[in-house]
Every structure is written in structure tokens, then in C-alpha cells.
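Here is a short tutorial on reading interfaces and a pocket. A learner asks and a teacher replies.

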Amino acid sequence: MEGIGIFLEGISKAFGLILSSDPEILRITVLSLEVSMVATLVGAALGMPLGFLISSRSFHGRSLVVAIINTFMGVPPVVVGLVVYLLLSSSGPLGFLRILYTPQAMILAQALLTFPVVCGLTISSILALDPSLKETLKSLSAPRLWEAAILLKEIRVGLITALIAAFGAAISEVGAIMMVGGNILGYTRALTTAIMLYTNTGEFALAIALGIILLILSFAVNLTLTIIQMKYRKRR
Amino acid sequence: MASAGVILVVLAAAFFGAHTEKVIVATTTSTSDAGLMDYLKPYFEAQYGASLSWLSLGSGQAFAVASRGDADVLLVHDREREEQFVSSGYGTLKVTVFYNDFVIVGPIGDPAKASSHDVKICLGRIASAGKSGNALFVSRGDDSGTHSLEKRLWSSLGIEDYENSNWYISAGSGMAATLRLAGEIGAYTIADRATFFSLKGSMGSALKLEVVCEGDTALLNPYSVVLLNSSRHPQIREDLALDFLLFISSHVGQQLIGSYTVSGQRVFFPIYGSTQSIGLPPEDEVVAIVEALRSQGSGE
Amino acid sequence: MAHVALRSVRKSYSEKEILKGISMDIQRGELISIVGPSGSGKTTLLRIIDGLVPPDSGEIRIDGNRLTKENAPTIRARVGMVFQKPLLFDASVYDNVALSLKFRGVPNDLIRKKVEEALDLVKLKDLAKRNALTLSGGEAQRVALARTLVYDPDLILLDEPTANLDPANVQIIERALTKANVEMKTVVLVTHNIFQARRIAKRVALLLDGAVIEIQDTESFFNRPLDPRTRLFIDGDLVY
């Protein structure tokens, strides 16, 4: 019974926080959104072309490369966080950048999480294409760039799915940004790290409230992408 | 089919577990991170035949979990909250059992020249260097026992506006993460001796921090065992919780705690029955109750 | 010089020999039909002529030039291929046809003129703006033919282009092919429909189990076949 009470309290608190537009909560929410969106775009900017290259050429060890990428789709965020921390730490190889415990470090860590997701899903979208599509393009003497443009257009629904999955992975993770962002109040505190903090401090209702805000945010982004996806889905 | 049945039985057995009696201690990250619980576990289990497990939580969460009946006993270090917990009926008895001490640490070379035996002088120097842009201070910012102590120290100095200052960083993180953050950005912070030295032991020179203040009685941090009110949550293993308290407060338990070291440093100091030695009020009444319970137990 | 010359072309897929040494000449400007039962190797033969798959052994010469992996893209630019199941792109009918010209860097004003001509030829002018993926099977195949004819290939390869199409669509396609042939384009039509071969081909070849059994002008092929199996095939009595 008490547990249900905390949920109800959390829900009413969530709407209270949204309505009151508490500046700190707003800042936390905006930071979460910014970091995860940029990380998704960075991951996509690298993952889509690479996925395209891997899936459109046959070379020795391709299955191995694809299996590795698919494995990294499920890498624990905290492991990525640890690796980025070690890289960016002042005694690490990239320490000179001085970006540890900044939003940039959080973006870097999450981009490493979104990259394999986008890359892997791009590969599977292309591999799922009708093989005669490539043969038709070849037979019509399509130059490489045209071929790429047409294949990308054909898999756009899959690419949006990749974006949805990547953003979902980014916005919901806590392990990586906790480690490289430091959960600093007013600077690197994001929704998930704040939820963890309030859980540690026993303020469960507030933690639930932030969880609800996170879900609403995630829902809004997914709804937008899904509408685009539906609009562009093939009429085949 | 037969093998599926076997798998099901094995899974069920794994899920419901062997029926050894188990006491669950809700404690703070400081005791478990320092390895104290791991160290005490075999001694307790050998003596009482029950298994000892613990939840390593933030202080606030430890109290919240205990008040919901999800643990059998508390081992915490936040005096104010302990008293509140008992007076509001969630706990029945609180006994101070040992203490550890805190240190103020800062960048190697102590650029703010904060070093002092007096913690008030030390923190005052950090604050004034901070105001002139020459120092940073990282706070746990997580409502932990350490965070409470830090807040008490600032207010004892008469510094109130620190939370909105540029030199004050609220990390919202555990002790080790906060120390790493301070080391990376060249900031001062307050840490329990155990975590600082165990991190220093594992990170070596990569942790660019050194002690600038230690030994002040204001930096001593007493831990208490709090027994829970089982009338609120009947599933609490009151008997095993009492065993845990009797073990910690026993001669053997106190000696074990006192001889435990981290990176060659003793980090926890037994204090059961002699709280006045570190400037706390005496607990004669509580000790009398514990001893009565102890003799009752051995008389059975 | 033959437009297409095949010499001892062999091809196997996972131990099964699909083409067992095909040799034949196809003259410039002729409309030849390759007939044969399913699985006789017709499709593989076309794919080899288009350079989409290399033969295991033997050689293919197009206009006297030996087809290799290196020169296949250049040669293929003058060759058109229409597959049995047309794969159109998710775009308008107009754009689908225009794409073949865009691939070749043809200027836009010329593209417009050429695409309109090609669509006119297959009677699809009215559907120019429709998304190609919403078309019926017959309309889709006509788009596929138009996007091949639009770049004026010298050699047109067709793999069962009218299988499962209704007579109206078949007629449009056959007329377009006959017209292309009149313009001195070489047409190689793979079909299992002997009536179609008889209607439009000048020469017919029978491919059976990876080998050319008979190759004659259409009239002789149907009336005076040299190989008894050809007679059986024509009469539908070939048990295969």
C-alpha cells in the first residue's frame, strides 16, 4: 500500500514540478535532452556511413565485424563510462582535452553507446533489403554515390528505428554519464543521475517524479520520430 | 520434458534459496566500501550460525529502506537522523559502536594554504580562497552522513551562502567518485579516512590529493547500530538483528573493528560504552540495556 | 562480327552445373528468343551476358570485346536488362525512368524529353506522377522496360518480362520490343512461352539442362526442328 502511495505522490509531484517549471529541474531536463540528442546525432553521423560501408561491400571477416558491432549494441553503459573516464582523466591519453566532468564528456560517452546501435541497425536494414535491388542498380549502371543515396532512401524507415533505439539507449542510461559527468549540480546533472541521487537519499517520490518526466520526454521524442517514420514508410 | 522439469526445479531452488537464516543490515557505502563488512562477516557467521548480508546505500536511502521494513537492522552515521528515527517510532534502540574520522583533502601542494590542525581554520581558508577564485570545494551533495557533517562544519563557521557560490561544487555522488572528481579538477573536499586511503592505495599518484586537515574532534564520525521496531514490520528478524548488535558491541567485535586496516591505516575505532572519550554524551543507559540483553541471551 | 558471341560458357552453383558449355552468336539487330523449361539455365545465361556474374570458364564477347570484370561496367552502360520481377524504387514513375539517365549524367532538359518518349512508348504517360510502388504488376513491368529503353541500349536482355501478365500488358510490351528491334537494337528475350517466341522472334534457341539443343530461324524451329526434343518441347510433351 505504501508503495502505491509513493507512486501516486511521485505522479502528482511530477506534474507539480512540470507546472512550477522549477529552474533546476528545467536545467536537468534540458541537459538530458541536449546530451542524448547530440550523442544520438553524433552516433548516427558515424554509425550510418560505417554501417553502410560494411554492409554494401563484401570483404574477409565481415561477419566477424558485424558480430562485434552487434555485441557492442549491448555494452553496459558503465563500461563505456569507465573507458571514457580513463581516456579523459588527467592522467589518461586524452587528459589534455580537459573535458572530464563536462557535458561534452557525457556526449562523448553516450555517442560511443549510440554508435554501435545505429551502425548495427543500419547494417541489418541493408542486409534485409531485396538483393535484386543492388543487382538492378548495377544493371542500370548506377554510380556509387547514387547507389548509396537510393539504398539509404530505401532503408529510411530502418534508419529512423535506429535513431529511436539509439536515443532510447542514451536518454535512459545512467552508468556512463554518472562516471564521466560527475552529476554536478547545475552543470552535469541529468535526469537519470538525479534519479539515482534521489534514490540514494531516500527521496523516492521525487525520484519517481523525475522518472515520469523522463518518460514523458522520451515519449515526445519517440512520437515525433514515429510520425515521421509512418509518413515515410514504403507503400510497397 | 524430463530435463525441462529438472531445470525448473534447479531454477526454483536458486530463486527461493537455501534456507539459511539471514540478517540484512542496511548500512552506508562508507562501511562496505572500506571492506569492514566483508571483514566482519565470517566472524559473525561462525559465532551465530546465521548469514550476514548488507545493503550498501546512501544514508537517506538506508533510513528509507529500514523504515519500510526491507532490512533488519541499521548501521549508520547520522546522529540527528538516528535520533529522529528512534523518536518517531521506527527504531527502538540506538547504540554508538565505533567511529571513524574524516580528513580534509586538497590538491597536492595545498595552493590555498589551508593546512591546519583546526578544521574551522582550514575550511575558512578554503572558503576565502574560493571567494577570490583560488580554490574549489567539492561536496558529496547527496544528503549522506558525510554531507551532513560537512554542512554542520560550514554552519559552525558561520558560512551559509556556500551552496550558490562558484567555488562550491555539488557532486551528487558517492565518496570515491567525489574524491576522483576533486582530484581531477584540483579541488578540496572532505572524505572519510578509509575511502580516501583505499582510493589512494589503488590509484596511487593518479589521485592528485593530499590531506590538509586531520585529527580535529569535529572530524570524528560516530557510527551507531539502530534496532528497528518490529511491531511495524513483523517480518523483521529481530532476534538476528540483536545478535548483530551484540556481536558488534562484544569485546571480540570491538577488538576486530579496532584492528582492521586499510592500506596500512587503522580506520575504525571502537567506542562502545565510552562515547564521552570523543566528546559525545555518555550512553550508560543504553549500554545497560544491551548488557542485560546479552546476559539474557547467554542465560538461555 | 556478331554483336554477342558466347564460347564454351560454363557456370556451376554449389556443385550443380547450370550452364554446360554454351556457344552461340547473336547478330546485331536481331530479335532472338531463348526458350526452355524452368531451371534450364536461361536466367543465368542472361546475367552472364550482362556481366552481373562471371562465368566459371569460357568467354563472352560484346562487339568483339571480351567481357571481363574490369570492363563490365563500361560495356554494361550500353546494355539494358529487364528482370522477371521488376524492382522499382520508392519514387514516382517519372523519376524511376529518369534515374537511368541521371546515372549517366544526361542534362535535365534532355531527360524530360527522353522520359516522355519512353513513357509514351509503354503507354504510361498518364501515370507519370504516380508512386511506382502503387502500380499493378503489368504497369510496373512497363516502367522497368521504359527505364531500360530510355537510355538507348544497343542490346536489350529480357528475362521472362511478360510472365503472369494479362494480354493487354503483354501486347504493349511486345510492341515496344518490336519497335526497338526495328531501330536495329539487338533483343534477347528469355521466355518459356513458345507462342510469344513464335510471335515476335526472328530466331529461337532451345536451352535444355544447361545446353543449347537447337537454334534456328523461327519458322524452321517450329516447323522443322532438327532435334526430337525440340518437337516434344513445342508440343508440350517434353517430360522434364
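The dialogue below takes up two interfaces and one pocket.

Q: What kind of model is this, and how are its parts numbered?
A: This is a predicted model, in which local features need pLDDT of at least 70 and side-chain atom pairs count only at pLDDT 80 or more, while totals for chains, interfaces and linings use all residues. Residues are numbered from 1 along each chain as its sequence is written, chains are lettered from A and ligands numbered from 1 in the order in which they are written, and side-chain values use heavy atoms, with hydrogens and water left out.

Q: How many residues of chain C are in contact with chain A?
A: Contact means heavy atoms within 4.5 Å. Here 24 residues of chain C touch 20 residues of chain A.

Q: What area do chain C and chain A bury between them?
A: The size of an interface is often given as the accessible area lost when the parts come together. Buried area is that loss (1.4 Å probe), summed over both parts. For chain C and chain A the value is about 2000 Å², with 58% of it on carbon and sulfur atoms. On the side of chain C, L87(C), D90(C) and F103(C) supply 35% of the area buried against chain A, more than any other three residues.

Q: How many salt bridges are counted between chain C and chain A?
A: A salt bridge is a side-chain nitrogen of Lys or Arg within 4 Å of a carboxyl oxygen of Asp or Glu. The count is two. D90(C) pairs with R156(A) in a salt bridge, at 2.7 Å from N to O.

Q: How does the interface of chain A and chain B read, by the measures used above?
A: In this case 23 residues of chain A are in contact with 22 residues of chain B. The buried area is about 1700 Å², of which carbon and sulfur atoms give 48%. Y101(A), N200(A) and T201(A) lose the most area on the side of chain A, together 26% of what that side buries. The rule finds zero salt bridges across this interface.

Q: What space lies in the largest pocket, and which residues are closest to its centre?
A: On a 1 Å grid over the protein atoms alone, a pocket is an open set of points where a 1.4 Å probe fits, with protein on both sides within 12 Å along at least five of seven lines; lining residues have an atom within 4 Å of a point. Grid points are joined across faces, edges and corners, and a volume is the space filled by probe spheres set on the points. The largest pocket holds about 1000 Å³. Its lining has 34 residues, and the closest to the centre are K138(A), G51(C), L52(C), K69(C) and R76(C).

Conventions:
Buried area is the accessible area (1.4 Å probe) that two parts lose on being put together, summed over both.
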